[in-house]
Amino acid sequence: MPAARTPERLAPELDDALARASAELAGVPRIWVASASYAAGNNVAPRLVFPSRIEALLRERGLPCEVLNGGREGTTIVGNIEELRREGARWQPDLVLLY
């Protein structure tokens with residue numbers, strides 16, 4: 001089971017590669033999970049953090065989706081909303097889950 005992708009600023013060439021890969025998933029619902037360390041999953045295997053589990057469970061039920069892990073240790077809901085305002089147009093989530 002793949003780990004949920006993390007919407008963060010990377011090196012420009014990696015940003016471009018992620019954008020191309022995301023374009024290949026056109027038409028697949030995209031869910032942005034924004035949280036503090038709960039979603040970031042520090043000290044937890046990436047496949048076990050809850051955004052990855054959400055994606056895996058939806059796919060197991062035949063619901064194709066892409067779950068973006070917007071978890072950031074030490075942030076607040078206000079910080080999550082600010083990040084969504086900055087990066088939302090680039091990632092274009094269909095659903096945002098703030099936790």
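**Exercise 1. Work out which strands helix α4 lies across, and how α3 is placed on the sheet.**

*Solution.* Start with helix α4, residues 77-91: it lies across β1, β2 and β3. Its direction is given relative to β1, and the angle is about 155°. Keep in mind that this is a predicted model. Now turn to α3, which also lies across β1, β2 and β3. Here the angle is taken to β2, and it comes to about 175°.

**Exercise 2. Put the strands of the sheet in order and find the edges.**

*Solution.* Step one is the order: three strands make an open sheet that reads β2-β1-β3, with parallel pairing. Step two is the edges. β2 (66-69) and β3 each have a single partner strand, so one side of each is left without a neighbour in the sheet. As for the twist, it averages 20° from one strand to the next.

Step three is to look at the pairings themselves. β1 (residues 30-34) is joined to β2 by four bridges, and β1 and β3 also pair over four bridges, in the parallel sense. Pick Ile31 to see both partners: Val67 stands opposite Ile31 in β2, while the bridge partner in β3 is Leu95. Two places along, Val33 stands opposite Asn69 in β2.

**Exercise 3. Decide whether the two faces of β1 are covered or open.**

*Solution.* Begin with the general pattern: in a regular strand, side chains alternate between the two faces of the sheet. Now sort the residues of β1. Arg30, Trp32 and Ala34 go on one side, and Ile31 and Val33 go on the other. Every one of these is buried, so both faces are covered, buried here meaning under 20% relative accessible area. That agrees with the count for the strand, where five of its five residues are buried.

Next, see where Ile31 and Val33 end up. Both belong to the largest nonpolar core, alongside Ala39, Cys65 and Val67. Follow Cys65 outward, skipping its neighbours within four places in sequence, and you find contacts with Val28, Pro29, Glu55, Leu58 and Arg59.

**Exercise 4. Classify Glu66 and Ser52 as buried or exposed.**

*Solution.* Glu66 sits in strand β2. Its relative accessibility is 4%, so Glu66 counts as buried. For a sense of its surroundings, take Pro51: the two are 15 residues apart in sequence, yet their C-alpha atoms are 9.7 Å apart in space.

Ser52 is part of helix α3. With a relative accessibility of 1%, Ser52 counts as buried too. What does its side chain reach? The backbone oxygen of Pro46, at 2.8 Å.

**Exercise 5. Find the aromatic pair, name its geometry and say what it ties together.**

*Solution.* There's one aromatic pair to find. The partners are Phe50 and Tyr99, with ring centres 5.5 Å apart and planes at 75°. Planes over 60 degrees apart count as edge-to-face, so that's the label for this pair.

Then place the partners along the chain. Phe50 lies in helix α3 (residues 50-60) and Tyr99 in the segment after β3 (95-98), so the pair ties together parts that are 49 residues apart in sequence.

Last step, check accessibility for each ring's residue. Phe50 is at 26% and counts as partly exposed, whereas Tyr99 is at 54% and counts as exposed.

Methods:
Residues are numbered from 1 along each chain as its sequence is written. This is a predicted model: local features need pLDDT of at least 70, side-chain atom pairs count only at pLDDT 80 or more; totals for chains, interfaces and linings use all residues. Side-chain values use heavy atoms; hydrogens and water are left out. Rings of Phe, Tyr and Trp (its six-membered ring) pair if their centres lie within 6.5 Å; planes under 30 degrees apart count as stacked, over 60 as edge-to-face and the rest as tilted. Buried means under 20% relative accessible area, exposed over 50%, partly exposed in between (1.4 Å probe, protein chains only). A polar contact is a pair of N or O atoms within 3.5 Å; within protein, one must be able to donate a hydrogen and the other to accept it, and residues adjacent in sequence count only if both atoms are side-chain atoms. Two strands pair if DSSP finds at least two bridges between them. Axes are lines fitted to C-alpha atoms, for helices over the stretch in contact, and angles run from 0 to 180 degrees between N-to-C directions. Contact means heavy atoms within 4.5 Å. A nonpolar core is a set of buried Ala, Val, Leu, Ile, Met, Phe, Trp, Tyr and Cys residues joined through side-chain atoms within 4.5 Å.
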